[in-house]
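Please study the sequence and the structure shown below. Two exercises with worked solutions then follow.

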Amino acid sequence: MTYQEAAERAFGKAVSFDPQILRSYDHDLGEMPRPLMALIQHRPHTVVVARSAADVATALSLAERYDVPVTPRGQASAGYGGAIPSRGGMVLDLSNCNRILAVDADKNTVDVEPGVVWEDLSRALAPHGLDNRVCPTSAPSSTVGGWFAMGGVGIGSLRYGSIRDSVLEIDVAGLDGTIRTLAGADMEPFHQTCGGLGVITRLRLACRPAGAILPLAVRLPDAAAATRFLETLETSPAVYSASLVNAGYCALRAEAEGHVPAIASGFLVSLALFESQADTAEIARLAAACGGELLDDAVAAMEWEGRYYPMRIKKIGPSALVGEFIVPLQGFVATAAALTAALPGDCFGLEAFAVCGGKLAVLVYILDDAKTLLYPLRMAKAMIPLRLAIRHGGAPYATGMWFSALARTIYGQDKYKRIARLKTAQDSRDLLNPGTISGPWLPFLPFINLSRCILWATACLAPLAARLPCARRRASKHPGATS
Ligand SMILES: Cc1cc2nc3c(=O)[nH]c(=O)nc-3n(C[C@H](O)[C@H](O)[C@H](O)COP(=O)(O)OP(=O)(O)OC[C@H]3O[C@@H](n4cnc5c(N)ncnc54)[C@H](O)[C@@H]3O)c2cc1C
């Protein structure tokens with residue numbers, strides 16, 4: 001039996017070889033230049049829409065038997081290339097594995113299939129008096145499995161850490177078609193490895209008791225004051241989540257939405273407090289001690305309501321280069337100053353999430369237009385924030401495919417070695433999401449690592465790219481500023 005016959009027999013209408021469908025699975029939300037995409041086999045030859053763990057196991061057995069690379073995919077919102085095939089093959093769409101399997105209101109846990117979307121989960125937990133502990137700001141569209149496989153922090157990370165800290169147990173399907181339940185140290189290699197070791201078919205999540213949230217907004221005069229303020233918040237049990245944007249981000253957002261910027265200079269820190277424990281006067285006192293001031297309730301409400309739409313500013317690009325990194329709070333002041341110096345004249349916005357343990361996960365949005373001729377060159381700007389952050393104790397955020405050459409730094413030596421050992425033992429032909437743990441290798445020059453080439457090229461081009469003005473659709477009246 002040929003591969004196509006076997007796939008059709010196993011999946012019927014849930015498998016597709018239609019070129020139109022395949023085209024819609026050959027990219028993610030990131031905007032990579034076409035010449036770069038042409039260097040890898042980014043178009044799959046098969047798409048399987050899985051509806052259950054059994055479907056996932058069948059798809060993987062099939063891939064094993066016919067030597068077909070498999071790329072798992074949630075909603076492809078990560079933008080790091082992890083959900084894009086690097087060697088063609090099969091895309092395994094998990095967005096229809098989206099059942100909530102069990103809620104345990106006594107233990108505050110929920111079991112879900114990987115394709116459950118964060119915002120849907122929050123709604124489903126509400127009648128049980130529970131809510132998500134953490135979620136990404138892409139919660140209206142991204143999946144639980146995708147975020148765990150990608151790794152990350154977001155709303156709630158000041159109180160509850162990363163997604164890893166809220167996952168208690170997973171089921172993982174391997175190429176041999178078996179499904180194993182893993183927890184603790186055994187589960188660790190599957191976090192952040194983008195499905196390169198197996199496809200997650202169930203997750204047990206820790207939840208928090210649901211309760212009203214009180215949003216507050218504070219303006220701090222500069223990065224040093226914002227850092228001091230964030231440091232004081234970590235010990236305050238009433239604070240659930242804290243994020244920060246610079247005045248440049250507020251200006252861009254105001255321009256995109258046609259209103260007055262919430263702040264004209266400095267930083268805006270948005271807080272979400274558990275209302276039952278909230279003490280507004282105490283927050284105002286902490287802010288004042290750092291030279292800051294509490295802003296109007298309307299600003300706080302707007303920030304909280306808009307938390308799921310960080311990319312609103314993109315429409316005035318109409319593209320956005322995004323530089324991302326994790327930095328210790330102590331390194332933030334120097335990083336922010338270096339960014340302002342390195343991206344002169346550019347309109348950039350900075351957004352960051354406070355993470356417990358004294359860290360900030362920072363996104364730098366540099367507006368641009370992906371359809372312009374020099375975009376591939378200007379893309380090198382997206383690496384500038386990370387390079388500057390590394391000088392001040394920062395680290396890359398996630399691997400996906402584009403940053404797989406940084407995997408050792410991201411995972412740490414010990415975890416990397418463990419992952420590499422597992423990969424060799426269980427997937428010696430590199431069929432499970434090839435290109436994410438090592439590679440991607442160029443098809444015609446299979447000893448050349450594309451991720452390493454991208455990092456090298458962007459390092460060389462960054463000084464030149466930094467001088468190029470961004471190609472925005474409209475000129476801004478409010479240039480980006482970090483202080
Ligand atoms: C507007 C916006 C806001 C965002 N906000 C945040 C944020 O606050 N914090 C943050 O960390 N990220 C954020 N992201 C990035 C992204 O949304 C998250 O990483 C997201 O959770 C990924 O989910 P997904 O379903 O889109 O996964 P995908 O992008 O489809 O997949 C991510 C990776 O996981 C793999 N994968 C997917 N499902 C499985 C599975 N079941 N088993 C094994 N591997 C799997 C894929 O192959 C891929 O490598 C944001 C993105 C956007 C566009």
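The exercises concern the ligand and a pocket.

This is a predicted model, in which local features need pLDDT of at least 70, side-chain atom pairs count only at pLDDT 80 or more, and totals for chains, interfaces and linings use all residues. Residues are numbered from 1 along each chain as its sequence is written, and side-chain values use heavy atoms, with hydrogens and water left out.

**Exercise 1.** Describe the surroundings of the ligand and its polar contacts.

*Step 1.* A residue is near the ligand if one of its heavy atoms lies within 4 Å of it. There are 33 residues around the ligand, and P72, S77, S138, T143 and Y397 come nearest.

*Step 2.* Divide the shell by residue class: 18 are nonpolar (Ala, Val, Leu, Ile, Met, Phe, Trp, Tyr, Cys and Pro), 14 polar (the others, Gly among them) and 1 charged (Asp, Glu, Lys and Arg).

*Step 3.* Look for polar contacts, here pairs of N or O atoms within 3.5 Å. A ligand oxygen lies 2.9 Å from a polar backbone atom of Q75. Another entry is the side chain of N433, with an N or O atom 3.1 Å from an oxygen of the ligand.

**Exercise 2.** Which residues lie nearest the centre of the second largest pocket?

*Step 1.* On a 1 Å grid over the protein atoms alone, a pocket is an open set of points with protein on both sides within 12 Å along at least five of seven lines; lining residues have an atom within 4 Å of a point.

*Step 2.* Of the 21 lining residues, E31, M32, P33, R34 and A370 lie nearest the centre.

*Step 3.* By class, the lining has 10 nonpolar, 5 polar and 6 charged residues.

Key
A polar contact is a pair of N or O atoms within 3.5 Å; within protein, one must be able to donate a hydrogen and the other to accept it, and residues adjacent in sequence count only if both atoms are side-chain atoms. On a 1 Å grid over the protein atoms alone, a cavity is a set of points where a 1.4 Å probe fits but cannot get out, and a pocket is an open set with protein on both sides within 12 Å along at least five of seven lines; lining residues have an atom within 4 Å of a point.
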